[in-house]
Amino acid sequence: MKSIQDIRIRFVGAGNMAASLIGGLINKGMTASQITASDPGKNQRDYIEKQFQILTYGDNNAHFGMPDIVIIAVKPQIMKKVLKNVAPSIVRTSPLVVSVAAGITTQQIKQWLGAELPVVRTMPNTPALIGQGAIGMYANEAVDENQKLMTEQVMDAVGTSIWVKKESKIDAVTALSGSGPAYFFMFMEYLQQAAEKLDLSAEDAALLTKKTAIGAALLAERSPETLSQLKDRVTSPNGTTAAALASFTANDIRNIIEKAIQAANDRSVELSKEFD
Ligand SMILES: NC(=O)c1ccc[n+]([C@@H]2O[C@H](COP(=O)([O-])OP(=O)(O)OC[C@H]3O[C@@H](n4cnc5c(N)ncnc54)[C@H](OP(=O)(O)O)[C@@H]3O)[C@@H](O)[C@H]2O)c1
């Protein structure tokens, strides 16, 4: 298997997600000479070159080299156009193609490249921008074990990744971790506002909300106990937490969450059809 020091990677699209991955990979020990990127935006290229000392090009096919992995990191709306443009270089060099674009299927990627190629579809989330992503990945049948291991090394540079065996499960990953940060932000926003109504200052409410969320998440990660056990542990009978949880339950919070996740899953299914 190729180690991280031997992999050559080409990024197509050098925006936020590409920059996070490049930063994470360099932190993990890759050298700038192993990575190139293309992006039409001159300012973005200048930023990436200055930040990471990698070579960048305005033309997706320029100085393509022989990459082991090509990471497609452009917006889903332009995937078709970009893949058709870069197809000659990809088909000629036959790398592993990794997409981070939401809603674009491996079948669409193969179709737009016009070739049978190993393709991995990933679903990162915004905390990947600070190295704390939760990432779901699906590999098509042409991807071999070494390529899967290489992909893991790349995606683990910006967080924690899991494989799903069926591509349709990427819709569930999208509904859970892809969109998930927004659910937590919304919950935290309402928590903060509710605390302000109890006469805490906006500043104090914001600080306590964020620290509580971080503390609870770290405790959940580090504790061997289940979420349910952790919840029970902070809930004494007739206490304050019990009063709040009873209010949530009376308003059927479980059903509210189930419906929201289902809506996100359904929208993810619809989106891939819209991009076709
Ligand atoms: N950001 C996240 O946390 C996140 C999470 C999950 C998934 N994703 C996925 O990651 C992908 C990239 O998202 P992002 O947030 O990194 O977006 P972004 O910051 O807009 O990056 C996309 C880059 O692609 C460039 N581009 C435009 N046309 C191109 C072309 N023809 N060839 C090559 N590059 C081109 C854009 O340049 P211009 O700006 O000049 O157009 C931009 O620099 C998306 O598909 C998104 O679904 C992102």
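This report describes a predicted model of a protein with a ligand, moving from the whole chain to single strands and residues.

**Overall layout**

The secondary structure of this predicted protein comes to 11 helices and eight strands, and its C-alpha atoms fill a box of roughly 70 × 35 × 35 Å when the box is taken along the principal axes. Of the 276 residues in the protein, 32% are buried. Among contacts between residues at least 6 apart in sequence, 66% join residues that are at least 24 apart.

The protein is divided into domain 1, covering residues 9-167, and domain 2, covering residues 180-272, and the C-alpha centres of these two domains lie 33 Å apart. Where they meet, six residues of domain 1 are in contact with five residues of domain 2. The side of domain 1 that touches domain 2 is made of two nonpolar and four polar residues, with no charged residue among them.

**Around the ligand**

Which residues are closest to the ligand? The ligand is surrounded by 27 residues, and the closest are G13, G15, M17, G41 and A101. Sorted by class, this shell has 16 nonpolar, nine polar and two charged residues. Helix 1, which spans residues 16-27, gives the largest share of the shell, namely three residues.

**Strand 6 and its partners**

Strand 6 runs over residues 119-123, and five of its five residues are buried, so that the strand is mostly covered. The cover is found on both faces, with V119, R121 and M123 buried on one side and V120 and T122 buried on the other. The table sets out how strand 6 pairs with two other strands.

| Partner of strand 6 | Sense | Bridges | Residue opposite V120 |
|---|---|---|---|
| Strand 5 (residues 96-99) | parallel | three | V98 |
| Strand 7 (residues 133-139) | antiparallel | four | A139 |

V120 therefore has a bridge partner in strand 7, A139, while V98 stands opposite V120 as well. Strand 5 and strand 6 are also linked through a helix, since strand 5, helix 4 and strand 6 make a right-handed β-α-β unit.

**Two residues in helices**

Helix 4, the helix of that unit, spans residues 106-113 and holds Q111. Is Q111 buried or partly exposed? Q111 has 13 C-beta neighbours inside 10 Å, and it therefore counts as partly exposed. Although Q111 and L83 are 28 residues apart in sequence, their C-alpha atoms are 9.4 Å apart in space.

T174 is found in helix 6, which spans residues 169-178. Because 22 other C-beta atoms lie within 10 Å, T174 is buried. Leaving aside its neighbours within four places in sequence, T174 is in contact with A102, M123, S179, A264 and S268, and one of these, M123, is a buried residue of strand 6. The C-alpha atoms of T174 and K148 are separated by 20 Å, and these two residues are 26 residues apart along the chain.

**An open helix**

Helix 10 spans residues 240-250, and because the number buried among its 11 residues is zero, the helix lies largely in the open. Helix 10 is followed by D252, whose phi is positive, near 60°.

Terms used. Residues are numbered from 1 along each chain as its sequence is written. This is a predicted model: local features need pLDDT of at least 70, side-chain atom pairs count only at pLDDT 80 or more; totals for chains, interfaces and linings use all residues. A residue is near a molecule or strand if its C-beta atom, placed from the backbone, lies within 6 Å of it. Helices (H or I, at least four residues) and strands (E, at least two) are DSSP runs, numbered from the N terminus. Ala, Val, Leu, Ile, Met, Phe, Trp, Tyr, Cys and Pro count as nonpolar, Asp, Glu, Lys and Arg as charged, and the others, Gly among them, as polar. Domain bounds come from an automatic or database domain assignment. Two residues are in contact if their C-beta atoms, placed from the backbone, lie within 7 Å. A residue is buried if 20 or more other C-beta atoms lie within 10 Å of its own, exposed if 12 or fewer, and partly exposed in between; C-beta atoms are placed from the backbone. Two strands pair if DSSP finds at least two bridges between them. A crossover is right-handed if, with the strands pointing away from the viewer, the path from the first strand over the helix to the second runs clockwise.
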